[in-house]
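Here is a short walk through one protein model for someone meeting it for the first time. Keep the 3D view open while you read.

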Amino acid sequence: MGLLDKLRRNPIEKLKLQELREEEMRLKNNIERIRKEINKIEKEKKAKFQEGIGADLIKKKLIAQEIKQLDMEGKLKMKNFMALHKQYMLVSNLLVVKKYEKELKKTKLWEKLSKVSPEQLETALIKINLAGKEYEEVLDSLNRVFEMEIAEFEATEDEVEKQLLEAWSSVEAGTMDVEDAEKMLSIERSFEKED
């Protein structure tokens, strides 16, 4: 995690635009690869489920174990996906900050950006989306983030993530079908494509 380590040691102005772009591309490629792997696992789970319909009890128990293994593998990949997505948001937002660096340096906000701890900056930049925004919108978004108390900011939970966690809990508790939970995943994917 070379670039993120650099952020933790250096102020924003020492980060290089080219390094940020390379890291963004690397993360984007890894996210896409993992997304495809998750989709493949989901298809395998559905196929295994279909295979168990009408099978004898022993075959169903064997298939159930295979589905559980696939589910665990999928959850681990999803956890990795979410971590990479957060890193991607950070790098993407750092690119926008770097793009407007000269203008931002003329504001009091730059002083806040420069003085905030790297961990707080990282947390703030993961939670917002600056991609495609004009300078004024970037300025407004960054100001909102730094006006919030850090504890209050960390407590803010992304609504889609909250729905996913609830869906997983429901499926694991047996109160929701996997198919219904999968629909929620597809909803999340449509949100990710909009970002």
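Let's start with a charged pair: K77 and E37 form a salt bridge, and their closest N and O atoms are 2.9 Å apart. Keep in mind that this is a predicted model. The two partners sit 40 residues apart, K77 in helix α3 and E37 in helix α2, so this pair links distant parts of the chain. Neither partner is tucked away fully: K77 is partly exposed at 22% relative accessible area, and E37 is partly exposed too, at 25%.

That bridge has company, as the structure holds twelve salt bridges. Another one is made by the side chains of K48 and E66, 2.6 Å from N to O. Here K48 belongs to helix α2 and E66 to helix α3, so the pair ties together parts that are 18 residues apart in sequence. The side chains of K59 and E51 meet in a salt bridge as well. The table puts these three pairs side by side.

| Salt bridge | N to O distance | Relative accessible area |
|---|---|---|
| K77 and E37 | 2.9 Å | K77 22%, E37 25% |
| K48 and E66 | 2.6 Å | K48 23%, E66 31% |
| K59 and E51 | 3.2 Å | K59 35%, E51 37% |

In the last row, K59 counts as partly exposed, and E51 does as well. Salt bridges can also share partners, and in that way E42, K45, D71 and K75 are joined into one network.

Now for a charged residue without such a partner. Which side chain of opposite charge is nearest to E24, and how far away is it? It is R21, at 6.5 Å, and E24 is buried yet has no salt bridge. A salt bridge needs the nitrogen and oxygen within 4 Å. You'll find E24 in helix α2, which spans residues 17-52. Setting aside neighbours within four places in sequence, E24 is in contact with Y88, V91, S92 and L95.

On to the nonpolar side of things. In soluble globular proteins, nonpolar side chains tend to be buried together. The largest nonpolar core in this model has 34 residues, and those with the most contacts inside it are F81, V97, L104, L113, L125, L130 and L142. Two or more residues each come from α2, α3, α5 (108-115), α6 and α7. Helix α3 gives the largest share, eleven residues.

L125 is a handy place to look around in that core. Not counting residues up to four places away in sequence, L125 touches M89, L90, N93, L94, V97, L130 and L142. L125 is also one of the buried residues of helix α6 (residues 118-127), along with L121, E122 and A124. These four cover an arc of only 165 degrees around the axis, which puts them on the same side of α6.

Last stop: aromatic rings. The structure holds one aromatic pair. Y100 and Y135 form it, with 5.5 Å from centre to centre and 55 degrees between the planes, so the pair is tilted. Y100 lies in the loop between α3 (57-99) and α4 (101-104), while Y135 is in helix α7 (residues 135-147); at 35 residues apart, they link distant parts of the chain. Are these two tyrosines buried or exposed? Y100 is buried, with a relative accessible area of 8%, and Y135 counts as buried at 17%.

Terms used:
Residues numbered from 1 in each chain as written. Predicted model: local features only at pLDDT ≥ 70, side-chain atom pairs only at ≥ 80, totals over all residues. Heavy atoms only, no water. Buried < 20%, exposed > 50% of the residue type's maximum accessible area, 1.4 Å probe, protein only. Lys, Arg positive; Asp, Glu negative; His and termini not counted. Contact = heavy atoms within 4.5 Å. Phe/Tyr/Trp six-rings, centres within 6.5 Å; stacked < 30°, edge-to-face > 60°. Arc of directions from axis to C-beta. Core = buried A, V, L, I, M, F, W, Y, C linked by side-chain atoms within 4.5 Å.
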